[in-house]
Amino acid sequence: MIYCPFCDTGNRSGSKFCNECGAALGEQSLICPHCSSLNPPANRFCRACGHALPELASLASMAVEPAAISAGEEELDDELPSLEADVPTLDAPAPTASERAAADTPTEDLALSVLPAGETTATRGLVQDGLDPAAVEATALPILDEKMRRPSELPAWLDIPEPPPAPRELPNWLLAPEPPPRALPSWLPLQEAPPQRTLPPWLFTPEAPPPPVRSLPDWLFLVEPGVRLPEEPAKALPAWLFPPETETLPPRGATVNGFLGTDCTDSQAIRFNPLPKSVDSNVPPVSRLLPAWLFLPDETPLIERVLPEWLFLPDDSPAPKRFLPAWLDTREPGKPRLLPSWLFAVEETPLPLPVVHSLPSWLFLTDPGEETAMPPSLEAAEAPASPARQTIVLARPFQSPQTPRRASLAAGPEGARAPSYEEVFADILQPKAEVTPSVSLPNGPRRFKLASVILILVVALPLFLPMGINVEPRQDTTRVFDTLQALPPAANVLVAFEWSPGTDEEMAPIAEALVRHLVKRRAKIVAVSLTPEGGKLAQRVLDQTLLGATSYKYGKQIVNLGYRPGGEAAIRSMLVDLPNTYGVDHFGIPVKDLPLVGEVKSLKGADLIVVLAAEPENLLSWITQASSAYQGIRMVAGVSAAALPWTRPFASASQAAQLKGMLVGIRGAAEYELSMGESRLGVAATDAQSLGAIFLALAIAFGNLAHLRARLNKPKLARASQPGPVGR
Amino acid sequence: MDLSTVGVWVAAALTLMVLSYVLSDSPLYKLAEHIFVGSSIGWTFVLLYQNVLLGGLVLELRDAPEKNLPLLIPLALGILLLLRPIRSLAWLGNPSLALVVGAGAALAIAGASAGLLAPQALATVLPIVPGQPGWDAWRVSLSNLAVVVGVVCVLLYFHFTGKQLGRYGRPVELAASLGKYFMMVAFGALFASIAISRLTLLVGRISFLLDVVRNGW
């Protein structure tokens with residue numbers, strides 16, 4: 001580490017200029033004997049105080065004399081205490097290996113380690129004292145080279161980091177003026193000096209003992225020639241540490257056949273690469289002593305381990321031949337194999353030569369006009385058909401076509417030049433011709449529009465020309481019909497209208513069919529809803545089904561209580577007290593003025609609950625809250641087709657089923673109408689829905705077939721440079 | 001021309017605007033979409049105001065204040081709930097929120113355990129041996145077998161530690177893979193049912209448009 005004499009910045013050893021201020025580091029600095037300021041060596045007078053500076057050349061030319069050294073050591077002893085006292089106050093670091101090593105070195109080494117580069121304690125002290133240069137010449141130590149400050153016993157890789165620099169006195173012009181003392185405001189007087197408190201002794205930890213001096217093991221040091229080491233008992237190394245004696249390395253520059261000496265043809269000869277000089281065996285090896293723990297005790301017998309038998313092939317058994325499956329062998333008669341050669345078993349036929357990929361010549365940059373011989377590794381790959389590779393010339397790889405090429409060349413046999421960027425990447429840069437697939441298909445959105453228009457036409461056709469598709473009532477529909485048919489006269493039936501206008505087309509036929517049947521059975525109907533739009537939709541259904549039913553009076557045979565917020569909590573409340581749950585009906589009439597509501601009182605008072613739900617969550621709310629709380633509740637449902645997979649498990653023929661029956665979608669409405677001997681909305685829409693369903697099934701089937709065909713044809717299209725997804 | 005006739009023509013026009021999405025995502029479709037969303041929210045707000053705030057609270061307190069004094073408790077809780085957006089006063093809405101969440105969770109857990117979990121678990125315990133001869137008995141038996149095997153295999157699919165069961169791990173993995181196919185069939189049925197449901201809506205809309213054209217509304 002070298003410290004800049006001007007800015008005190010630490011620089012790496014060997015630096016010539018300061019990283020911070022750019023000052024030259026190789027030169028020595030002069031210390032003013034008057035003000036101790038650092039000055040460049042070229043200065044003759046101090047830049048801080050103008051005092052005459054001693055010349056550095058006179059100091060640097062001093063010779064080393066033992067007497068002078070001894071004289072300097074006496075003065076050195078006077079200054080060392082102050083230096084040694086300064087060292088630990090820097091950051092008070094833990095003693096490092098370098099400091100421990102410095103503890104064993106002479107005191108001059110320690111002093112050198114805390115002074116700037118190229119400065120000795122002698123020169124510093126003497127120059128600071130303003131002594132005569134002649135006296136300095138007689139007493140000062142020479143400026144030691146940096147290499148001399150490292151103990152020569154340690155190898156270079158054990159470089160000891162230098163300790164942090166000693167505090168140095170800054171010149172006056174670097175010191176900022178001290179701020180003037182400021183008086184505290186009157187409102188902030190110090191009351192009293194804080195009482196001194198003595199800490200209990202147990203808070204103080206005993207002073208840590210000095211760290212033990214640890215010496216490196218001897219085997220870390222290189223043994224100098226001529227030094228006789230203490231003899232140690234000879235210990236035998238295990239046999240597996242030594243290579244077999246018969247194994248000999250080929251001489252440098254020899255040619256070795258094959259990898260690791262295996263037999264191969266001459267074309268596969270591998271040139272033995274000589275070792276670099278740094279590891280050349282010409283240098284006599286240095287004897288190294290291995291640590292004792294690497295040796296096995298002499299009396300320790302070696303353990304013989306027996307390998308399992310399945311690891312050994314029988315001696316007389318020939319090596320099994322391995323053949324690749326037929327689908328891996330893409331070789332065709334007269335064409336080379338596409339698979340790499342190492343995949344195939346060795347045959348009598350010689351292996352094909354490995355393909356040598358040569359770099360384009362413009363990748364090699366040389367000086368203009370200079371010819372560079374081809375590297376030996378590329379000589380074998382030299383092809384006679386490419387004379388441009390004979391010489392490596394300068395070429396601008398990304399040269400624009402407008403500028404004249406400089407790469408013409410010097411020395412190609414036929415005026416060859418290096419290929420340009422456009423020529424090398426001509427295949428990539430040249431715009432590809434549009435390769436259209438054999439079958440031109442419309443794109444995705446266009447096909448979507450086409451399918452949508454066809455679906456609309458298919459659905460509209462049966463509305464003009466009814467087809468009369470036969471509809472047979474299913475068991476779920478029959479059970480709903482039977483349940484309503486079994487109602488006693490003037491039964492109290494609570495109907496929940498749980499759908500929104502978005503699903504009205506599907507739910508309205510179901511609701512109308514069920515309510516019409518209830519009216520036929522002279523049942524009293526209480527309409528409720530937990531969906532905001534349910535009250536209005538319920539009123540519309542009631543108006544259409546009760547058209548002409550003069551016997552039904554509002555409040556006595558039929559009531560529309562409308563929407564009630566609260567969800568499942570509202571259902572629970574209806575189980576306890578239906579009138580107080582609502583308060584007013586859909587039209588704002590107080591419930592107490594509606595005798596039918598007082599007659600029902602709660603859900604327990606209803607002979608049947610009909611839930612018409614488009615979403616499965618609405619039906620599940622009624623099932624979980626009503627049927628679980630009161631086992632005697634009889635419930636049927638009408639749901640949309642989308643809710644069927646979620647609600648189907650609740651409807652069965654068993655007595656414990658939570659739903660006695662269920663109408664599903666427009667098909668369920670049609671079945672119910674036919675069960676009642678009618679033909680209305682459900683039947684009219686069944687034809688259209690059936691045809692639409694058939695069209696959707698065919699569209700899905702053809703779509704899957706098209707997708708399968710696209711996947712099968714994808715490799716061909718990809719080879720035809722058709723990027724992107726195919727068939728979309 | 002009365003209002004109902006105007007309503008029918010507006011409905012027909014809105015239907016055509018929505019169906020215009022088949023051709024492109026046109027501004028007409030966007031307009032119809034916004035009208036639908038806005039009218040739904042407006043309808044819900046008016047309904048809540050009339051049924052809950054006005055009919056269930058204000059009118060009740062005006063008509064019989066002594067009898068309906070307990071209604072002030074939900075009123076206060078509702079006002080505290082409105083303080084949630086104010087950061088410094090949001091904690092005042094915690095009791096209201098706790099009441100809503102707690103009551104909802106209690107209702108859902110009680111209803112789901114007694115109304116869904118137990119009945120449906122019992123419903124999967126089905127006889128798989130036909131009790132009487134005949135094809136119908138065998139068909140019911142096979143259906144019950146499919147239900148039982150499907151339930152078990154799908155449950156094993158979510159048992160992700162089959163490899164740690166040692167020699168029993170392989171059958172568990174096989175059953176789990178079979179359960180995956182059961183779930184794929186179920187998902188296919190879900191997709192098909194939704195497609196059929198939406199197809200019904202299309203049939204209803206086209207039928208409505210044809211009625212408008214036929215009847216000249």
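In the predicted model, strand E10, helix H17 and strand E11 of chain A form a β-α-β unit of right-handed sense. The two strands of this unit, E10(A) (residues 608-613) and E11(A), are paired in parallel through 5 bridges. Within this pairing, Val610(A) has Val636(A) of E11(A) as its bridge partner.

Strand E11(A) also pairs with strand E12(A), which spans residues 662-664; the two run parallel and are joined by 3 bridges. Here Val639(A) is found opposite Val664(A) of E12(A).

The surroundings of E11(A) were examined next. Because 5 of the 5 residues in this strand (residues 635-639) are buried, E11(A) is largely enclosed by the rest of the structure. Burial extends to both faces of the strand: Met635(A), Ala637(A) and Val639(A) are buried on one side, and Val636(A) and Gly638(A) are buried on the other. Val636(A), the bridge partner of Val610(A), thus belongs to one covered face of E11(A), while Val639(A), which stands opposite Val664(A), belongs to the other.

The contact between the chains involves 40 residues from chain A and 39 residues from chain B. On the side of chain A that touches chain B, at least two residues each are supplied by helices H10 (444-464), H12 (504-520), H14 (568-576), H17 (616-629), H18 (644-647), H19 (665-675) and H20 (681-719) of chain A. The most is given by H10(A), with 7 residues. Classified by residue type, this side of chain A comprises 21 nonpolar, 13 polar and 6 charged residues. Helix H17(A) therefore appears in both settings, as a member of the β-α-β unit and as one of the helices supplying at least two residues to the side that touches chain B.

Note on methods. Residues are numbered from 1 along each chain as its sequence is written. Chains are lettered from A and ligands numbered from 1 in the order in which they are written. This is a predicted model: local features need pLDDT of at least 70, side-chain atom pairs count only at pLDDT 80 or more; totals for chains, interfaces and linings use all residues. Two residues are in contact if their C-beta atoms, placed from the backbone, lie within 7 Å. Helices (H or I, at least four residues) and strands (E, at least two) are DSSP runs, numbered from the N terminus. Ala, Val, Leu, Ile, Met, Phe, Trp, Tyr, Cys and Pro count as nonpolar, Asp, Glu, Lys and Arg as charged, and the others, Gly among them, as polar. A residue is buried if 20 or more other C-beta atoms lie within 10 Å of its own, exposed if 12 or fewer, and partly exposed in between; C-beta atoms are placed from the backbone. Two strands pair if DSSP finds at least two bridges between them. A crossover is right-handed if, with the strands pointing away from the viewer, the path from the first strand over the helix to the second runs clockwise.
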